[in-house]
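Trainee: Please take a close look at one part of this model, the empty and filled spaces inside the protein. Walk me through them one by one.

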Amino acid sequence: MPSKKALIRRPSPRLAEGLVTHIEREKVDVDRALEQWEAYARTLREHGWETIEVEPADDCPDSVFVEDTVVMYKNVALITRPGAESRREETAGVEEAVARLGCSVNWIWEPGTLDGGDVLKIDDTIYVGRGGRTNAAAVRQMRAVFEPLGARVVPVPVTKVLHLKSAVTALPDGTVIGHVPLVDKPSLFPRFLPVPEEPGAHVVLLGGDRLLMSAAAPKTADLLADLGHEPVLVDIGEFEKLEGCVTCLSVRLRELYG
Ligand SMILES: NC(=O)NCCC[C@H](N)C(=O)O
């Protein structure tokens with residue numbers, strides 16, 4: 001049954017200690033981040049999404065990036081085992097939240113490691129980035145969980161950025177978009193549209209033609225608007241300093257029952 005709920009998680013007061021892997025560390029303004037997070041959540045609600053706050057994890061600096069802790073397919077939640085050890089404690093609160101919503105719950109087990117940011121779903125195709133955070137054992141485990149439900153799991157290499165979805169996401173019609181210098185192999189995707197800015201590669205589908213995007217990608221917003229989409233821009237600059245993007249601040253639950 002279609003549902004429009006989105007998990008979000010309030011930033012930790014320790015946000016500024018979050019991990020940085022592929023970019024230079026910059027000072028994060030935690031108060032500003034909180035304002036940006038509130039505006040992000042408000043935007044989801046303004047576009048018809050009921051936001052559900054996962055219990056905050058104040059000791060986990062990266063916990064606001066809730067997308068990395070769970071992957072949804074239909075009403076089945078796969079609780080991840082994050083590739084960075086410092087993020088492993090984030091999953092407990094998320095597991096509780098999805099169980100309370102009536103999802104079936106599965107887990108990635110050791111030696112598997114998986115970050116939700118490495119998972120891009122386009123209908124029943126689930127692309128998984130095999131990069132710094134996600135390993136082959138997790139790809140096999142994900143196959144075992146989701147393929148019996150009708151999915152096809154397609155692993156793709158990720159070497160230039162933190163996560164697959166740091167490099168590419170998909171438009172409502174399934175076209176994959178990405179900033180070419182950061183995409184390992186654009187030809188792996190059946191339809192690929194290059195975008196001119198790195199943050200332009202990240203869209204969250206709000207419904208209809210509406211695309212939630214970073215305000216840091218104005219040229220891409222113009223390009224996509226010119227193609228008939230409706231960009232909705234949010235400033236998430238403090239999270240971008242920690243390699244976050246619009247996708248990682250929420251998990252949309254689109255097929256819950258009851
Ligand atoms: N899915 C995402 O894009 N997550 C961003 C995670 C950023 C965080 N600082 C990390 O390195 O894990």
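**Cavities, ligand and pockets**

Mentor: In this predicted model, the second largest cavity has a volume of about 70 Å³. Start there. Its lining runs through several stretches of the chain. Val-156, Pro-157 and Val-158 are among the lining residues. Leu-164, Ala-167 and Val-168 are also among them. So are Leu-182, Val-183, Asp-184, Lys-185, Leu-188 and Phe-189. Two elements, strand E8 (152-157) and helix H4 (164-167), each give at least two residues to this lining. By class, 10 of the lining residues are nonpolar and 2 are charged, with no polar residue.

Now take the cavity count. The structure has 2 cavities of 30 Å³ or more. For the largest cavity, the volume is about 130 Å³. It is lined by 18 residues, and those closest to its centre are Asp-68, Arg-87, Leu-162, His-163 and Glu-243. The class split of this lining is 6 nonpolar, 5 polar and 7 charged. Set that beside the second largest cavity, with its 10 nonpolar and 2 charged residues.

What takes up the space of the largest cavity? The ligand does. Around the ligand stand 15 residues, and the closest are Leu-19, Glu-67, Asp-68, Arg-87 and Arg-133. Asp-68 and Arg-87 have come up already: both are listed among the residues closest to the centre of the largest cavity. The shell around the ligand holds 6 nonpolar, 3 polar and 6 charged residues.

Look next at the nitrogen contacts of the ligand. Leu-19 brings a backbone N or O atom to 2.8 Å from a ligand nitrogen. Glu-67 uses its side chain: a polar atom there lies 2.7 Å from a nitrogen atom of the ligand. Leu-242 works through its backbone, with a polar atom 2.8 Å from a ligand nitrogen. How much of the ligand does the protein cover? On its own, the ligand has 340 Å² of accessible area, and the protein covers 100% of it.

Turn to the pockets. The largest pocket encloses about 690 Å³ of space. It has 30 lining residues, and Leu-120, Lys-121, Ile-122, Arg-252 and Arg-254 are the closest to its centre. Which elements give two or more residues to this lining? They are strand E3 (70-73), strand E6 (119-122), strand E9 (168-170), strand E12 (204-207) and strand E15 (251-253). In class terms, the lining has 15 nonpolar, 5 polar and 10 charged residues.

The second largest pocket holds about 340 Å³ of space. There are 18 residues in its lining, and Ile-23, Glu-198, Glu-240, Glu-243 and Gly-244 are the closest to the centre. Glu-243 is a familiar name, as it is also listed among the residues closest to the centre of the largest cavity. The lining of this pocket comprises 7 nonpolar, 5 polar and 6 charged residues.

Finish with the backbone on either side of strand E6. Most residues other than glycine have a negative phi, and most peptide bonds are trans. Two places here deserve a check against that. Glu-110 and Pro-111 are joined by a cis peptide bond, with omega at about 10 degrees. Pro-111 sits in the loop between strand E5 (104-107) and E6. Asp-123 has a positive phi, near 55 degrees, and is not a glycine. That residue belongs to the loop between E6 and strand E7 (125-130). E6 itself is one of the strands that give two or more residues to the lining of the largest pocket.

Note on methods: Residues numbered from 1 in each chain as written. Predicted model: local features only at pLDDT ≥ 70, side-chain atom pairs only at ≥ 80, totals over all residues. Heavy atoms only, no water. 1 Å grid on protein atoms, 1.4 Å probe; cavity = no way out; pocket = protein on both sides within 12 Å on 5 of 7 lines; lining within 4 Å. Points joined across faces, edges and corners; volume = space filled by probe spheres on them. Helix = DSSP H or I, 4+ residues; strand = E, 2+ residues; numbered from the N terminus. Nonpolar A, V, L, I, M, F, W, Y, C, P; charged D, E, K, R; others polar. Near = heavy atom within 4 Å. Polar contact = N/O pair within 3.5 Å; in protein donor to acceptor, adjacent residues only side chain to side chain. Areas by Shrake-Rupley, 256 points an atom, 1.4 Å probe, with all protein chains shown as cover. Sits in = over half its atoms within 2 Å of the grid points.
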